[in-house]
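Let's take a walk through this protein together. Have the model open beside you, and we'll go from the overall build to a few spots worth a click.

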Amino acid sequence: MVQDMLRFGSIKSVSSILFLVAVTFLLFLYTNSSFQAPGSKSTLSLGGLKDVLRGETATGSQYTESPTAYTTQSSNQPIRTFLVEEQKKHLKGTQEVLDYVRNQCEKHNLTAAADEPLKLKDMTWLAPTTYKEHKLPYKFCPKTGSTSCKRWFRRLGGDETPYEEMVGNHASKWFSSWKKIMKEDSDRNPEELFKEFYKIVIVRNPLTRFISGFRDKVYRRTYFQAEMEEAMPGYRNKTDTEIFPVFVQLYLDEKVHNYHFTPSYKMVKLCQYPYDMILQTETTLAQMLMVREHINSTYDYPGSRSEEGKDKQSSSDLAKKYYSTLSEEQMERFYEFYKYDFLLNGYSKLDDPNFPYLNW
């Protein structure tokens, strides 16, 4: 039948059949007990595969860079479609989220005074270099998928480098800060100009965000080396689960500090800025489709580490593994430390069946 369609030049029909075959194959993988990603020695369990299909930005139990299993370009469309559909199951409406956050801010007396001016020179407001075309300032917050957002902004700015080959993504040359925008539009009233932009921010469940920071800065790299060595001599030879509770204690005791672990509501001024959309790392791919539509862009958003095939263990499984090493007192202090990240966004906690998504 395929030969007949090719004979008649019915390319679209062939593409449709190939797409259906790909989806059928994915469904087969989804319903079987395990799946080995192409180019990887790691095997995903059924639960792990389901979490990957939810689009969670997970990390494996041991740090290994594997060949990219899936690209971040259009050839990834069958898996991207699967991810988006899974994320939509946990998606909240844009206005629904804004209303929830605003109500929680008011409930906890965290809203800004009516006459308090917006600090628009904040350097952590980033926009594409093509900001006059793409009026999209983004409030930076680490460990929420910010690198993916910056890669996408590079694409919006005209950089055609494949996503997986982009390096130096945090360099200021790729973006327009709000300070730069105000300088270039110095004849405009800053607050009136600000209203013309579609302002976004990405937040994340603090339990998985903290793990991401720990694995990146402490386990894989050498942030806080002196403090960690003093608290746990020879810690570089220890396992991640041995190191984790020691680092948590140091952080809760305020013996170390880094903005990668700062409660996000403080960093992004969640109760002060008039955001147009609050995205969640757990559902970013689905939400970015709406952002793309708003700014009239056809550029795909970069895939997460799990979509690229680099991470083999779900964020849910990782969280259970890491936080099981903490004492009851440490868990209580952790929840208190990130109290408003949970309350303002409505994030689920570890024992919630809906973890790590919003739960309201």
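Start with one term: a residue is called buried when its relative accessible area is under 20%, exposed when that area is over 50%, and partly exposed in between, using a 1.4 Å probe and the protein chains only. What you're looking at is a predicted model, in which local features need pLDDT of at least 70 and side-chain atom pairs count only at pLDDT 80 or more, while totals for chains, interfaces and linings use all residues. Residues are numbered from 1 along each chain as its sequence is written, and side-chain values use heavy atoms, with hydrogens and water left out.

First, the big picture. Of the 360 residues in the protein, 50% count as buried. The accessible surface adds up to about 17,600 Å², and carbon and sulfur atoms own 52% of that (areas come from the Shrake-Rupley method with a 1.4 Å probe, and for residues only the protein chains shown count as cover). Contacts here mean heavy atoms within 4.5 Å. Among contacts with a separation of 6 or more, 73% join residues 24 or more positions apart.

As for secondary structure, there are 16 helices and seven strands. These are DSSP runs numbered from the N terminus, with helices being H or I over at least four residues and strands being E over at least two. Two strands are said to pair if DSSP finds at least two bridges between them. On that basis you can trace an open sheet of five strands, with mixed pairing, in the order β5-β3-β4-β6-β7. Its edge strands are β5 (175-177) and β7, each of which pairs on one side only.

Now zoom in on β3. This strand, residues 125-128, runs antiparallel to β4 (residues 138-139) over two bridges. In those bridges, L126 partners Y138 and W125 partners K139. With β5, β3 also pairs in the antiparallel sense, this time over three bridges, and there A127 has S176 as its bridge partner. In a regular strand the side chains alternate between the two faces of the sheet. Here W125 and A127 sit on one side of β3 and L126 and P128 on the other, and all four are buried, leaving both faces covered.

At the other end of the strand order, β6 (residues 200-203) and β7 pair in the parallel sense over four bridges. One of the partnerships to look for is V201 with I278 in β7. Strand β7 covers residues 277-280, with M277 and L279 pointing one way and I278 and Q280 the other, and all of them are buried.

Just past that strand, T283 is in the loop between β7 and α13 (284-295). Is T283 buried or exposed? With a relative accessible area of 2%, T283 is buried. Leaving aside neighbours within four places in sequence, T283 is in contact with Q87, H90, L91 and Y357.

Over in helix α11 (residues 240-252) you'll find V246. Not counting residues up to four places away, V246 touches M228, A231 and M232. The C-alpha atoms of V246 and M228 are separated by 7.8 Å, with the two residues 18 apart along the chain.

A few backbone oddities come next. Most residues other than glycine have a negative phi, and most peptide bonds are trans. E254, though not a glycine, has a positive phi of about 60 degrees. You'll find E254 in the loop between α11 and α12 (264-267), where E254 counts as exposed because its relative accessibility is 67%. N296 also isn't a glycine and has a positive phi of about 60 degrees. The place of N296 is the loop between α13 and α14 (315-323), and at 71% relative accessibility N296 counts as exposed. Then there's the peptide bond from F355 to P356, which is cis, with omega near 10 degrees. P356 lies in the segment after α16 (339-345).

Last stop: a pocket. On a 1 Å grid over the protein atoms alone, a pocket is an open set of points where a 1.4 Å probe fits, with protein on both sides within 12 Å along at least five of seven lines, and lining residues have an atom within 4 Å of a point. Grid points are joined across faces, edges and corners, and the volume is the space filled by probe spheres set on the points. The second largest pocket has a volume of about 290 Å³. It is lined by 15 residues, of which R102, L270, C271, Y273 and P274 are the closest to its centre. Helix α5 (residues 94-107) gives the largest share of the lining, six residues.
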